[in-house]
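Please walk me through this structure in a few paragraphs, from the overall makeup down to single residues.

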Amino acid sequence: MLPGRGILDIELGDMIESISKEKGGLSIVAMLDCCRAGSGTRAGDTRVGDLAIRGINLGGYAISADAIPQSSLRDTFFRYDRSHILLAACAPDENAHEDQGHGLFTRAFLDIVRKNDIRELTYSSLISLMDNYEFNGGQQTPRCEGYDLDRVLFTQEVRPRRPVYKILAINDGFRLEAGIQDGIKTGAQFTVHTDKHCTPESLVACVEAQATQVTFTHCSYLSGLDSETTPSVLTALPLYALQTHHGQSFRLFIDREDPHYGKWSALINNNLDDISVRSIRLVELNQEADLGMSTDGEE
């Protein structure tokens, strides 16, 4: 490393890769709350309104063009993306800002961790929740890159994503913009939120699927947070639904003579408790099934 300068992006990537290999492939989280976190450079000590740009002045020094790899931290991190996850305060061409000495990105990160169940918080949901915070009028865009972004924070546990559906409050209940083609079954239950990220604070109602069509489902109102929260109050609001219960089982027929019957049945039975996997029940007769499945060939 040359004296009098910071660490180059390619050097940081090499360090992380080396640590990961030394620790037996351990995945590392790199969190950068600095300017141009997508390139590893920092801005000078300037201010934008009441916010300061996060940066330091390293003084004058000269580095040969040959000593500076022509890569961005984005390129570097995608080269090493299996070794770690990158949480960056901004895009490669943006500045990271701070207020009274506190980085906006770090402050939002800590607030999200405090307000949510960290046992359920994944990297993808974390960066989505960042949309609820103000970052200098949209001039700073936090980002998350790498593999396994559905891992729970600071663990190796991967959580399958639960789909979020649009839902409309109508006169006689709710219309869910998902139906049979999406695996929705009668009796399935959903929480309804005013925030597309379905945070606990945005919960306004609970509904149950009553009649499923191919592309939509009519749902009945179960409960809300208070007596004043009714479908009529929610009519003018954009709403989002998160499935919490499967409802009726999806009946699947697989011929016992199928060469892979044992594998398919074990896979289904081992995943019935996973909300991201539709509740499936194997049936013995083809005429009882909603869907039949067979394997073509031995592979």
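**From a buried histidine to the sheet and cores**

His97 is found in strand S5, which covers residues 97-99. The model is a predicted one. With a relative accessibility of 3%, His97 counts as buried, since the cut-off for that class is under 20%. The side chain of His97 reaches the backbone oxygen of Asn95, at 3.4 Å.

The wider setting comes next. The protein chain has 6 helices and 16 strands. Of its 299 residues, 39% are buried. Among contacts between residues at least 6 apart in sequence, 71% join residues at least 24 apart.

One of the sheets to look at is open and has 3 strands, in the order S1-S4-S7, with mixed pairing. Strand S1 (28-32) and strand S7 (143-145) stand at the edges; each has a single partner strand, so one side of each is left without a neighbour in the sheet. From one strand to the next, the twist averages 15 degrees. Strand S4, residues 84-88, runs antiparallel to S7 and is joined to it by 3 bridges. Within this pair, Leu86 of S4 stands opposite Glu145 of S7. Helix H3 (residues 104-115) lies across S1 and S4, and runs at about 130 degrees to S1.

The packing can be followed from here. The largest nonpolar core has 20 residues, and Leu87, Leu126 and Met130 are those with the most contacts inside it. S4, H3 and helix H4 (123-129) are the elements that give two or more residues to this core. H3 gives the most, with 5 residues. What does Leu87 touch, not counting residues up to four places away in sequence? The list consists of Val29, Ala30, Met31, Leu32, Phe105, Phe109, Tyr123, Leu126, Arg143 and Cys144. Apart from the largest core lies another, of 18 residues, among them Ile184, Ala205, Cys219 and Ala241.

Thr191 can be read alongside this other core. Thr191 is found in strand S10, residues 189-193. At 15% relative accessibility, Thr191 counts as buried. Its side chain makes a polar contact of 2.9 Å with the side chain of His193. Leaving aside neighbours within four places in sequence, Thr191 is in contact with Leu203, Ala205, Cys206, Tyr240, Ala241, Leu242 and Thr244. Two of these contacts, Ala205 and Ala241, are also named among the residues of the core of 18.

Two cysteines have already come up as contacts. Is Cys144 buried or exposed? Cys144 has a relative accessible area of 14% and is therefore buried. Cys206, at 24% relative accessibility, counts as partly exposed, because that value is not under the 20% needed for a buried residue and not over the 50% needed for an exposed one. A disulfide is a covalent bond between the sulfur atoms of two cysteines. The structure holds 0 disulfides.

A last point concerns the backbone. Most residues other than glycine have a negative phi. Phe154 has a positive phi of about 60 degrees, although it is not a glycine. Phe154 is placed in the loop between S7 and strand S8 (164-170). That loop follows S7, the edge strand of the sheet described above.

Methods. Residues are numbered from 1 along each chain as its sequence is written. This is a predicted model: local features need pLDDT of at least 70, side-chain atom pairs count only at pLDDT 80 or more; totals for chains, interfaces and linings use all residues. Side-chain values use heavy atoms; hydrogens and water are left out. Two strands pair if DSSP finds at least two bridges between them. Helices (H or I, at least four residues) and strands (E, at least two) are DSSP runs, numbered from the N terminus. Axes are lines fitted to C-alpha atoms, for helices over the stretch in contact, and angles run from 0 to 180 degrees between N-to-C directions. Contact means heavy atoms within 4.5 Å. A nonpolar core is a set of buried Ala, Val, Leu, Ile, Met, Phe, Trp, Tyr and Cys residues joined through side-chain atoms within 4.5 Å. Buried means under 20% relative accessible area, exposed over 50%, partly exposed in between (1.4 Å probe, protein chains only). A polar contact is a pair of N or O atoms within 3.5 Å; within protein, one must be able to donate a hydrogen and the other to accept it, and residues adjacent in sequence count only if both atoms are side-chain atoms. A disulfide is a pair of cysteine sulfur atoms within 2.5 Å.
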